[in-house]
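Me: I should like to learn how to read helix packing, domains and chain contacts in a model. Could we take these features in turn?

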Amino acid sequence: MANYVVKRLLAVVPILFGVSIVIFLFLQLVPGDVAATLLGPRATAESIAAIRAELGLDKPLHEQYVQWLFAILQGDMGRSIILQVPVVDIVVPKFFNTLILAAASLLIAIVVGVPVGVLSAVHQYSWLDRIGTVGAVLGAATPTFWLALVLMYVFALNLGWFPTSGMYDLRGDGGLLDLLHHLVLPSIATAAIPLAVITRLARSSTLEVIRSDYITAVRAKGMSERVVVWRHALRNALPPIISITGLQAGFLLGGTLFTEVIFTWPGIGLQLYEAILGRDVPLVQGAMLFIAFFFVLLNLVADIIVAYLNPKLRAR
Amino acid sequence: MTLVEDRGTAPSPALRSGSAAPLLEVRNLSTHFFTDRGVVKAVDDVSFSVAPGEVVAVVGESGSGKSVTSMSIMGLVPNPPGRIVGGQILLQGRDLVGLPRKAMQDIRGDRIAMIFQDPMTSLDPVFTVEDQMVETLRRHRDLSRGEARDIALETLDKVHVPDPPRRLKAYPFELSGGLRQRVMIAIALSCQPALLIADEPTTALDVTVQAQILQLLTELQRDNGMGIVLITHDFGVVAQCADRVVVMYAGRVMETGSREAVLQRPRHPYTQALLRSRPRLGERGRLTAIPGIPPDLANPLPGCPFANRCAETVDACWAGLPALQSVAGDAEPGRRVRCIRRESPT
Amino acid sequence: MTDAMQDFSRAELEAGRAAREAWEARAKRDARKPESSLRLLWTALKRDKLAMASAVFLLLVALATIFAPWLAPYGPNEANPSLRLEPPLTEGHLLGLDGQGRDILTRLLYGGRVSLPIALIPVAIATFISVILGLIAGFYRKGVGEVIMRVLDIFYAFPTVMLAIAIAGILGPGMMNVMLSIVIVLIPYITRVVYTATMVVSEEDFVQAARACGASDTRIIFSEVLPNVMSPVIVYGTTTMGLQVVFAAGLSFLGLGVQPPIADWGIMTASGRDVLSVAPHVSTIPGIVLLLVALAFNLVGDGLRDALDPRLRL
C-alpha cells in the first residue's frame, strides 16, 4: 500500500510539470503583441516597455519559463494586471468560496445519486429505475446555465424563497444560516450533471456486481436483501463510483463557473471569467494552476481510496 | 403392450424401499423466463424427490434446465424475467413455492444450502473468510461473534482446510481454487442443512482436486445424513457418488432411475448419447460428441425436444411430446423414460 | 421384436412430418439472420424506439435549421418593437418575441445554423485526430505511444470546462476560437477511448494471425484494428456531440463565443437574463431546445452502445 501511494505521488510530479508548461504557454496564445494587448488601446510606449520588463517578455521563451516557474514555487504567482494585487491574495480566498459551492453540490450528487443508482440496479425495470434512468439522462443533457436561470426565476424571483445572488446578505450577520440560504440554488444547479453521472455509474456498476456469482451465493446463505445490497453489492460496486466521484469533484472546480457567473457567487470561476474578459493573463494563469493542482490532488486521493478498498492492493 | 401410462403428473414417491418420507419433493415444477423473444420454458413439468441421506444427480448439457431447477429450489430465480409458474417444491412436507420472502430467507443457508460451480467467483472478494462465515452463522443462529468464530474454525477443520486460524483471516484471492471450494462447502455446512444443492461443484477444479472434493462431499453426507441434489453434466461424477439420476434435456426430465439402471441400462437415446460422449480413462475408442446443437429455446420443437439430434428419430417423434413412462421389463420403482421408441432394440 | 414404426398410426406419422417440416423451416430462417454487423446494428437500433425517435428528431432539427430562410416566418433581425417581450402563442409568433421585438421561433431556426456546426464540426475534427493518435499509441505502446499518452495525461489534469473557457477566452471571441478550444479539450478523451480499444483488439487472435501472415503494420491497423475500434468511438462521439452543443452555447452565453448580432442559442439565452422576471420565455425557450438536442444525442448514443455491444453498458 505504501509503495502504491509513493508510486502514484511520483507519477504526479511530471504531470504537474507538464501542467505548468501548458499554463505558461497560455501567455503566448494572446493574439498580437502581448504587452500592448494587456494594456489596451491607451497604452503608452513606456508602459508597454515596463510591462515587458515585468513579465520578462524581452527574454527567450525558456528563460521566461524558468523564471516564472521559480517564482511560482516560491508562492509568487505574479500580480494581477487589472487589480494590481498579488495573484495569490485573490486566488486563495476565491478558491475557498468555490470549494464551499463544489462541496455542497458534490454532497447532493453523492447523497442522492448513489442510493438511487444502487436501488435502480437492484430493482431493475421498476418505477424507481425508470425515474432514475430518465432523470439521469435528462440531468446529463441539462445546460447548467439554463437550469440556473430556471431555478432563479422560479425560486428566487417568483416565489422569493431564496436570494438571487451573492454568498451573504449585505445587511445580514454573515452567519452559517445565511450562507446556506444563499447556497441552495447555486449548489442544486451545479449538482445536476455530477448527480446524473454518479447515478448512472452507480447503477451500471451495481448491475454488474448484482449479477455476479458471489451475490447469488450471499443470497443463498439466506442474508436479507438489506445486507446483500448495502454490504456486499455496494462494497464491491464502490471503486468505480469513487473514481468517477473524484473526477466529478475535479470537474466541479471548473464547472461551477456558469453558476458562479449567474448567481454572482464570488468564487474562482467568476474570478477566472472576469480575468479572461479583462485579459488579465497572470490572474488566469494563477487561477488555472490552482484549479489544476487541486484537480490532480483529488484524483490522486480517489485512486488511493480505491486501492485501499481492494484487499489485493492493500496487502502489497 | 404392457406399458403403464404415467404422464408424470402424479407425485413419484418411488424411493428406495424402506426409506423415510422424502426430504425434498419437487412436483411438476415449471419455471419460465419471459423475454423479448418470447417465453422460454427453462424448466417444464419437472418432478423428482430426494430422501434423507440420498444423493440425487440431475444431469444434462448446459441449457438443459438443471441449474434453473436448483435456483427454483433455492427461490433465487431472477425475477423479472424468470418466475415459477407452476408446481410445488416440498421441503419436509412444506411447500416453498410462494413462501414469503422473509420465510424463504430463513430457510436458505439454514435448512437448504448451496455450493456453486466456480469457487473463484462465488466468494465475495472484499471480505475475509471469517467475515463471510460468521455472517452466515449469526444470520441463522443466536451467536456472539466469538462463538460464531469457534464454529467456523470447527467447520473449516471438518472440511479438511489446513491451518484454519490462518485461513479464517484470509481474503479469497489468497486461497487456491480447491481451498476456496472447501471454504464454500464449510459456509454451506456451517448451519447443518438438511439439504445441500451442489451446482457443478467440481467443474472448475483440477482433476485431482475434483476427486478430493467429491470424496469430501460423500463423506460429509454420510456423516450428517444430509440429502444432496448434485447438478452435473459429468457422468464420472454421477458414477462416483449418486444414488439416483434424473436426466434433463430442454427443461424436461427425459429419464430417471437408480445409478446402476441409468448408467448400465440407459434407455433414452439422449442418455445413451451423453454416456457415449463421456471420455473414459484407460479406454480406447472414439469420443463421440452428440451431433447437432442444443435446442434453441426460442424455437422449441413441436414433439420430442431431442428429435432433431436423435439418431433414431422417426416422423412420429415430432407429432407430440412423449410421456414419461415406466420402462417395460425394468421392475425398478421410479424408473421412467420419455421416448416413444423405448420399445425398439438398443 | 417388431419394428416400432408399425406402432404409429398414419395420422401420427403425417402430423409428425408436417410439424418437422415447419420447425426445420423456422430453424433455417433463424440461422440465416445474423449477416453483417451493420445489419445487426440496424435491427437492434430499429427495436430501440427511443433512439430512433431521437435520431429522427435530430434530423428534423438539422433540416429545419438548414432551410431556415424558407421556413422562418420572419427575418432573423426583423423587429416589431410594439410586441416586445410578448409571451408565446401571441398571434403570428408561436414562441413569443424577445426584448427587441424579434420572433423567437425565427431566431431559433437561424440560431441552429451556428449552434449545431460550432459543436459538431470540432467533434468530427477531434475524432479524426484522436483516431489516428489512439491507433498509433495503442499499437506502438512503447516509444511513440508512451509519449502520446503522457502528453495527453497533462491535459487530463484540467477540468474540461475551465480549460476550454480559458483557451477560447484568451484567444478572443469568435466562432473559430470556440471550435479550436473544443477540439483541444476533446482530443485527450477520445484518444483514450481509441487507445483502450486498440490495445484490446491488438491482442485478439485475428490480429496476431494477420501479423503472423506477414501483413504490414499499416495494413493491420487499417484493415484489422480500425474497423473494430470504430464502435466505441462512434458511441462516445455521438454522446459527446450533445454535450458540446450545450457547451458551445455556454461559451456564447458567457460572451466568449460568437458575437451579436449573429445569434446562437447561447446568446439568445443570455439576452433574456435581464428580463427574466418579466419575460422568462426569452431565456428558457432556447435552453429547452438545447436540452432536447443534447438529450436526443445522448439517447442515440445510448441506443448505439446497446446495439453494438450489450455488455458495454456504462
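Reply: Certainly. This is a predicted model. Let us begin with a helix pair: the axes of helix 10 (residues 217–253) of chain C and helix 12 (residues 281–308) of chain C come within 8 Å and cross at roughly 170°.

Me: How are helix 10 of chain C and helix 12 of chain C oriented, roughly parallel or roughly antiparallel to each other?

Reply: Angles over 145 degrees count as roughly antiparallel; helix 10 of chain C and helix 12 of chain C are therefore roughly antiparallel.

Me: Which residues meet between these two helices of chain C?

Reply: On the side of helix 10 of chain C, they include I234(C), V235(C), M241(C) and L243(C). Among their counterparts in helix 12 of chain C are L290(C), V293(C), F297(C) and R305(C). By class, the residues of this contact comprise 14 nonpolar, six polar and one charged.

Me: What does the domain assignment give for chain A?

Reply: In chain A, the assignment gives domain 1 as 32–76 and domain 2 as 87–314. Their C-alpha centres lie 38 Å apart.

Me: How is the size of an interface often given?

Reply: It is often given as the accessible area lost when the parts come together. Here the description is by residues: chain A contributes 39 residues and chain C contributes 37 residues to their contact.

Me: Which helix of chain A gives the largest share of the side that touches chain C?

Reply: Helix 7 of chain A does, with seven residues. The side of chain A that touches chain C consists of 33 nonpolar, six polar and no charged residues.

Key
Residues numbered from 1 in each chain as written. Chains lettered and ligands numbered in written order. Predicted model: local features only at pLDDT ≥ 70, side-chain atom pairs only at ≥ 80, totals over all residues. Axes fitted to C-alpha atoms, helices over the stretch in contact; angles between N-to-C directions. Helix = DSSP H or I, 4+ residues; strand = E, 2+ residues; numbered from the N terminus. Parallel < 35°, antiparallel > 145°, perpendicular 65-115°, else oblique. Contact = placed C-beta atoms within 7 Å. Nonpolar A, V, L, I, M, F, W, Y, C, P; charged D, E, K, R; others polar. Domains from an automatic or database assignment.
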